[in-house]
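Work through the exercises below with the sequence and the structure at hand. Try each task before reading its solution.

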Amino acid sequence: MSALYPPIEPHDHGWLSVGDGHRVYWETCGNPEGKPALVVHGGPGSGCGPRSRRFFDPDAYRIVLFDQRNSGRSTPHAAEPEVDLAANTTEHLLADMEALREALGVERWLLFGGSWGSVLSLVYALRHPERVSELVLMGLATGRRAETDLLTRGLGSYFPDAWRAFRDAVPPEDRDGDLPTVYARLLHDPDPEVRARAARAWCDWEEAIDVGHAGGPSRYDDPAFQLAFARIVTHYWSAGSWLPEGEVLRRAPELADIPGAVVQGSLDPGNLLGTPWELAHRWGPNCALTVVDEAGHGAADAGMVERLVAATDGFATGAARTR
């Protein structure tokens, strides 16, 4: 099987109250008695989508998706400017994943995450190794400051016109500072026009560096998504994602007993830091790293799809096939 599985609909869904006034949306698809798998979306703040259901054999897997705090169908939503994001941190999201696991009666599950979802999946596996059967990751990130610095400043020489517009959308006195922190301030400005301009500028830059985007309609075309996504991303990146610097790579040897598949596009800008190779080396023989030629950061490329589906198929039968 190399293509996505056919579209499916959830057989159950709901909202889980997780405290602090938050309700986290979740859904389950596929075989209710199948191997549990949790889709951990990126962003932070992207929300889960129906395409993610299709990376799994619905006869073999019990597929669980959820929208992280303040995103997707979870409430309250970050597109509402008065919503406080103080109770949305990495530790909150990890606790939400554990609460969801317990609510659904799952003992152990495979984690399937991309980009920010790979960060959250890796940290969850480090915190709760007994709850993780396997990891399937793409668009790899580990939450280091060097990674967010690359995305907000280091890539300026690769995309000079887009980066100049991104930088110049903030006040002149802030352009040499930490851009996620500056944008986070603008995105909480009482003036809705200031918030809207900042959200649009942030999302324009996100789209400019997405070398795997095939064109056409974009999620960034929706002003509500723009504001929510930009608010959540800058909230996390300005705080270093609330992670000790370098924690994931430093502790990666602790993942040695967890089988993993990392599928990485050769054109993913994050490769400039060597993160996938360093993680795989520290993780050890149980981590299979596959680099897909001419693919970018996401999972839209046919080669990425083929290898990700091969990984979930392999883990469903106990023999991952990623190469």
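**Exercise 1: two helices that meet**

The axes of helix H4 (residues 160-168) and helix H6 (residues 192-208) come within 9 Å of each other and cross at roughly 160 degrees. The model is a predicted one. Task: decide how H4 and H6 are oriented relative to each other, and state which residues of H4 and H6 meet.

Solution.
- Step 1. Angles over 145 degrees count as roughly antiparallel.
- Step 2. H4 and H6 are therefore roughly antiparallel to each other.
- Step 3. The crossing in which H4 passes H6 is left-handed.
- Step 4. From H4, Ala162, Trp163 and Phe166 take part, and they meet Ala201, Trp202, Trp205 and Ala208 of H6.
- Step 5. Sorted by class, this contact of H4 with H6 has seven nonpolar residues, no polar and no charged ones.

**Exercise 2: another contact of H6**

Task: find how the axes of helix H5 (residues 179-186) and H6 cross, and sort the residues of their contact by class.

Solution.
- Step 1. The axes of H5 and H6 come within 8 Å and cross at roughly 145 degrees.
- Step 2. H5 contributes Pro180, Tyr183 and Leu186, while H6 contributes Val194, Arg195, Ala198, Ala201 and Trp202.
- Step 3. By class, the contact of H5 with H6 holds seven nonpolar residues, no polar residue and one charged residue.

**Exercise 3: a hairpin**

Task: describe how strand E1 (residues 12-19) and strand E2 (residues 22-30) pair.

Solution.
- Step 1. E1 and E2 pair in the antiparallel sense, over seven bridges.
- Step 2. Within this pairing, Ser17 has Arg23 in E2 as its bridge partner.
- Step 3. Two residues lie between the strands of the hairpin, and Asp20 there takes a positive phi near 60 degrees.

**Exercise 4: buried or exposed?**

Task: say whether His22 is buried or exposed, and do likewise for Asp59.

Solution.
- Step 1. His22 is a residue of strand E2.
- Step 2. The relative accessible area of His22 is 4%. Buried means under 20%, so His22 is buried.
- Step 3. Leaving aside residues up to four places away in sequence, His22 touches Leu16, Ser17, Arg69, Asn70, Thr75, Pro76 and Ala87.
- Step 4. Asp59 sits in the loop between strand E3 (35-40) and strand E4 (61-66).
- Step 5. Asp59 has 64% relative accessibility and therefore counts as exposed.
- Step 6. Asp59 and Glu207 are 148 residues apart along the chain, and their C-alpha atoms are separated by 35 Å.

Technical notes: Residues numbered from 1 in each chain as written. Predicted model: local features only at pLDDT ≥ 70, side-chain atom pairs only at ≥ 80, totals over all residues. Heavy atoms only, no water. Pairing = 2+ DSSP bridges. Helix = DSSP H or I, 4+ residues; strand = E, 2+ residues; numbered from the N terminus. Axes fitted to C-alpha atoms, helices over the stretch in contact; angles between N-to-C directions. Parallel < 35°, antiparallel > 145°, perpendicular 65-115°, else oblique. Left-handed = near helix turned anticlockwise from the far one by under 90°. Contact = heavy atoms within 4.5 Å. Nonpolar A, V, L, I, M, F, W, Y, C, P; charged D, E, K, R; others polar. Buried < 20%, exposed > 50% of the residue type's maximum accessible area, 1.4 Å probe, protein only.
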